[in-house]
Amino acid sequence: MNKKKWIIGSIAGVAVVGLIALLVIPSEIKKNQPPTVKTAQAVRGDVEQWYSATGKIRSNRVKTYSPGTGMSFQEVLVGVGDRVSEGQILARMDTTAYEKAVDQTETAYRTAEKGLKQLQNSLNEYQADLSSLDSQIAALKAEIERENQAGEEAAKQAQELARQLMKQMNRGGQSLDADQLAALLNAQSQSTANLGDKQIQLIGLQLQRYVREAQGASYSASSLDQMRETVDTAKAAYESAKSLYDEAKSGVTADFAGIVSEVGSGSSMLSSAGITVKSDSDLYAEIELGKYDIARVKAEQTAKITVPTAEFGGKVASVGAIAQVSSTLTGTSTSTVTAKIHIDNPSDALLIDYDCDVDILLGKDTDAVLVPVEAVRSDNGGSYCYLVEDGLVKRAAVELGYSSDTFTAVYAGVGEGDLVVNNPTADISDGARVTPETGKAG
């Protein structure tokens, strides 16, 4: 009986020793083996890098139809969300104020026209008066000149008769004809008297001209030009008021097809609020770019615009030149720049001012060496990958190209077919021995 127990105990001891050996020996062997790492083989292919953002669908053509200050809509014929066609009547106007404006501006225009006509007539009369006075003055001056010459001739004749008389008297001869001498002297006296009267007349005419010319200061060319400008301004105001009145009579019509996005409330109808229409055929997506994205997104880049039911092609139309600053409740400010993405061939699937997803193609590499995105690491020394060559890890500095969500193009540092450590852990270092689990990058 004791012998049997000893045999059983011995068997149990051997089993325990064997179990310990099974647990300890493989652990020691495993401890001395290189760690296994996942690797991928670099391949050659194409890669595209996209920038993704959430944006809003916007209309490139928006117009608000307002009744104008002091005006009002008599009847609004559309509501928010209505689709309208070009030329469709949106509202009928209360034309009372327009009629009043036409009457007022027409009165001002006609008054200005009358004033211009009166000024022109006065100017014509003024110029005619000056011309008449100038003619009278010139004629009187010519007459005075002729009489001056006649007086001088009579004086010469009298002097000659007097000389002869004195000569005969000195000789004691016969006397000259006394009647002839008296006639000459009388003619000279009369000529002198007439000449004095005409000089006075000339002075009077010259004084009249001076006074008339002074009165004509208000008929200057500049005054006439100012009056013409007044007439032109009044005419333009009248024609504008009449045009608005004609439009108001026919109602407010849409300049283009689109969607009604806003209609003023009943109270705002009496002010300047109106009806806003947004075109649904000329649309773009609007996104906000942060400081790290502004340098990457540029005009003319290809884009995709996605909504729940459809996808559209497009291009970046513009990137804003001015940043928009917004502040949070905590006082933190954020600067963004607005980018517009033109949408090709928009359809009813696009809802104006609704959310959309935007993907912009930043660039692509073709026929390039590709490695998994997880294989690339960066530190102060730049970007690098871990290669596995003959079971040893080798750190390789790399020059990177464009990246997709899964692959990165490598311009230098990794060659086609090289094994790279995929998603290396912190215990992987240059020179370490590893056992690779080989895969492919693509």
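This passage describes the fold, one sheet and the cysteines of a predicted protein model.

Taken as a whole, the protein chain contains 22 strands together with 4 helices. Its length is 442 residues, and 30% of them count as buried. The contact pattern gives a helpful view of how the sequence comes together in space: among contacts in the protein chain with a separation of 6 or more, 75% link residues that lie 24 or more positions apart. On the outside, the protein chain exposes about 27300 Å², and 52% of this area is supplied by carbon and sulfur atoms.

Turning to the strands, one open sheet is built from 4 of them, in the order β3-β9-β8-β5, and the pairing is antiparallel. The edges of this sheet are formed by β3 (62-65) and β5 (83-84), each of which pairs on one side only. Between these edges in the order sit β9 and β8. Strand β8 covers residues 258-263 and strand β9 covers residues 275-278; the two run antiparallel and are joined by 4 bridges. A handy landmark for anyone following this pairing in the viewer is V260, which stands opposite V277 in β9.

The cysteines round off the picture. The count of disulfides comes to 0, where a pair of cysteine sulfur atoms would have to lie within 2.5 Å. Two cysteines can be placed with respect to the surface. C356 has a relative accessibility of 3%, and therefore counts as buried, the cut-off being under 20%. C385 is also buried, because its relative accessible area is 0%.

Definitions and conventions:
Residues are numbered from 1 along each chain as its sequence is written. This is a predicted model: local features need pLDDT of at least 70, side-chain atom pairs count only at pLDDT 80 or more; totals for chains, interfaces and linings use all residues. Side-chain values use heavy atoms; hydrogens and water are left out. Buried means under 20% relative accessible area, exposed over 50%, partly exposed in between (1.4 Å probe, protein chains only). Contact means heavy atoms within 4.5 Å. Accessible areas come from the Shrake-Rupley method with a 1.4 Å probe; for residues, only the protein chains shown count as cover. Two strands pair if DSSP finds at least two bridges between them.
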